[in-house]
Amino acid sequence: MFVDLAARRILVTGASSGIGRQVSVDLANRGAQVVFTGRDVDRLAATASMLSSSGHVSVAADLTNSADIAQLADQCGQLDGVVHCAGRTGLRPLKLLNADFLQDVMQANFVAPIMLMQRLLQRNRMKPKSSIIFVTSIAGHTGTVGVGPYSASKAALAGFMRAAALEVASRKIRMNCVAPAIVRTEIFTPEDAAWLVEQEKRYPLGLGKSTDVSNCIQFLLSDSSSYITGTSVIMDGGCQWI
Amino acid sequence: MSDPFSLENKTILVTGSSSGIGESIAVQCAREGAKVIVTGRNLERMEAVFNSLPGEGHQKIAADLISADERNALVDSIPVLDGVVLNSGVFPGLVPFNLVDDQVFASTLNNNFLSPVALLKRIVARKKLTNSGSVVFITGMAALLSPTASAAYVGSKGAANSASRSIAADLARRKIRVNNVALGYVSTKLTESTMSQETMAMTPLGVARPEEVVGPVLFLLSAASSWMTRSTLVVDGGLSLKIPYGF
């Protein structure tokens, strides 16, 4: 099989729900060792109960807290890959924006994953030829009314990724973003149901599933993508956007 | 449930598979359990690639894809496909714009854009591609890098990339997916003889061997990418990181 992740040790952030949980489950099924992290201890335990086989490690951490980042880097061991799924929404039209809100979104979606990555590299946690993946969003590439803070945070992450990919290339460490359009996850509430049905009409292949994004991530973690670095993989079910 | 990355028993046509990147794609598809149809102009090399394919049920069909008759004959003689890799193409070498022969523009466009698109149209018209099938265009980051002395080549690759995204929109009704793999510098006979050492050394991860760029093609052929269409996977070792244009 061209995607072989057996015995690879992979850190997954945001593993207590959504895409991060799906990635953790799928990696465990492929025989990888998963170090999975999130803020909510109960939901992390739920993820743990879904992982096949043993040898996985759960670390509760709030990645906006530098002490938690340091502790995670201490406990994660030597890694073949990192999948940054942790993130938050950030919807606010310009006229209702304030600096605190913008900073909170940037902190969670941009500063936190970058500082974790820095710590992992400083501590020599990334093996040569390892793969680092940031889950960004199509919103980092498109303009949508009211989505400014979220778009900015994801575009910032993709921008930093390109510089960082160059800085680690000599060690054959790879860095990429996966930029999905709308994926049905717990980030949406029951109130969003009608809006999602409306949105789905724009998607010839339907809205995304967590497994769709997880499959792409597994490919990017594997040696089969050894020549892909510094890119953003756009996944949007064929949406034409305009 | 079968593994979403499996190509087991999928029938896949790979154009330009008698050497280079196409050969690597054909061999690795076969290794993953696919039935591969190899096609190319050079009979001897095509035969050699065909004989090297692991597994059974493969086919070899000689065809010069710039000939409409040969394209049509190829389509008539193939079974219904699960995947098509439009890989065949030419690189006319580095020639300053004012010295490019008009004929070179025409033949490069014909080989790299008109012929693969006409072949795909015929395949679709003859219902030789299953619903939910996957089409992969092998294009190049060169289409966006647009280096000097490459107008004919990068124009043809850019045409293929742009057209493929429109074709993807048209075929989405049938759940047929169409995506691009945009390659950087890959070490083949073709590039070794034409590229300077400086050019080849520009890539952060170094120049790729053909087998290193096949994984993305396998991914796009597999059900693991079933939510992806109209997309471009940039497979260039970081070459295009520094440029302000992206697919």
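The exercises below walk through the pocket, one helix, the cores, two loop residues and the cavities of a predicted model.

In this predicted model, local features need pLDDT of at least 70, side-chain atom pairs count only at pLDDT 80 or more, and totals for chains, interfaces and linings use all residues. Residues are numbered from 1 along each chain as its sequence is written, chains are lettered from A in the order in which they are written, and side-chain values use heavy atoms, with hydrogens and water left out.

**Exercise 1. Describe the largest pocket and its lining.**

Step 1: on a 1 Å grid over the protein atoms alone, a pocket is an open set of points where a 1.4 Å probe fits, with protein on both sides within 12 Å along at least five of seven lines, whereas a cavity is a set from which the probe cannot get out; lining residues have an atom within 4 Å of a point.

Step 2: the largest pocket holds about 1500 Å³ of space, a volume being the space filled by probe spheres set on the points, which are joined across faces, edges and corners. Its lining has 50 residues, of which Gly87(A), Arg88(A), Thr89(A), Tyr150(A) and Ile187(A) are the closest to its centre.

Step 3: by class the lining has 22 nonpolar, 19 polar and nine charged residues, where Ala, Val, Leu, Ile, Met, Phe, Trp, Tyr, Cys and Pro count as nonpolar, Asp, Glu, Lys and Arg as charged, and the others, Gly among them, as polar.

Step 4: helices (H or I, at least four residues) and strands (E, at least two) are DSSP runs numbered from the N terminus, and H1(A) gives the most to this lining, with three residues.

**Exercise 2. Work out how H1(A) sits in the structure.**

Step 1: H1(A) has twelve residues and reaches 17 Å from its first C-alpha to its last, close to the expected 16 Å, which is 1.5 Å times one less than its number of residues.

Step 2: ten of its twelve residues are buried, so H1(A) is largely enclosed by the rest of the structure; buried means under 20% relative accessible area, exposed over 50%, and partly exposed in between (1.4 Å probe, protein chains only).

Step 3: the buried residues of H1(A) pack against strands E1, E2 and E4 and helices H2 and H7 of chain A, with contact meaning heavy atoms within 4.5 Å.

**Exercise 3. Find the residues with the most contacts inside the largest nonpolar core.**

Step 1: a nonpolar core is a set of buried Ala, Val, Leu, Ile, Met, Phe, Trp, Tyr and Cys residues joined through side-chain atoms within 4.5 Å.

Step 2: the largest has 77 residues, and those with the most contacts inside it include Leu27(A), Ile217(A) and Phe219(B). A second, separate core of 31 residues includes Leu11(A) and Ile173(A).

**Exercise 4. Examine Ser53(A) and Lys127(B).**

Step 1: most residues other than glycine have a negative phi.

Step 2: Ser53(A) has a positive phi of about 60°, lies in the loop between H2 and E3 of chain A, and counts as exposed at 54% relative accessibility.

Step 3: Lys127(B) has a positive phi near 55°, is found in the loop between H4 and E5 of chain B, and counts as exposed at 60% relative accessibility.

**Exercise 5. Compare the linings of the cavities.**

Step 1: there are two cavities of 30 Å³ or more, with volumes of about 50 Å³ for the largest and about 40 Å³ for the second largest.

Step 2: the lining of the largest cavity has eight nonpolar, two polar and no charged residues, while that of the second largest has five nonpolar, three polar and one charged.
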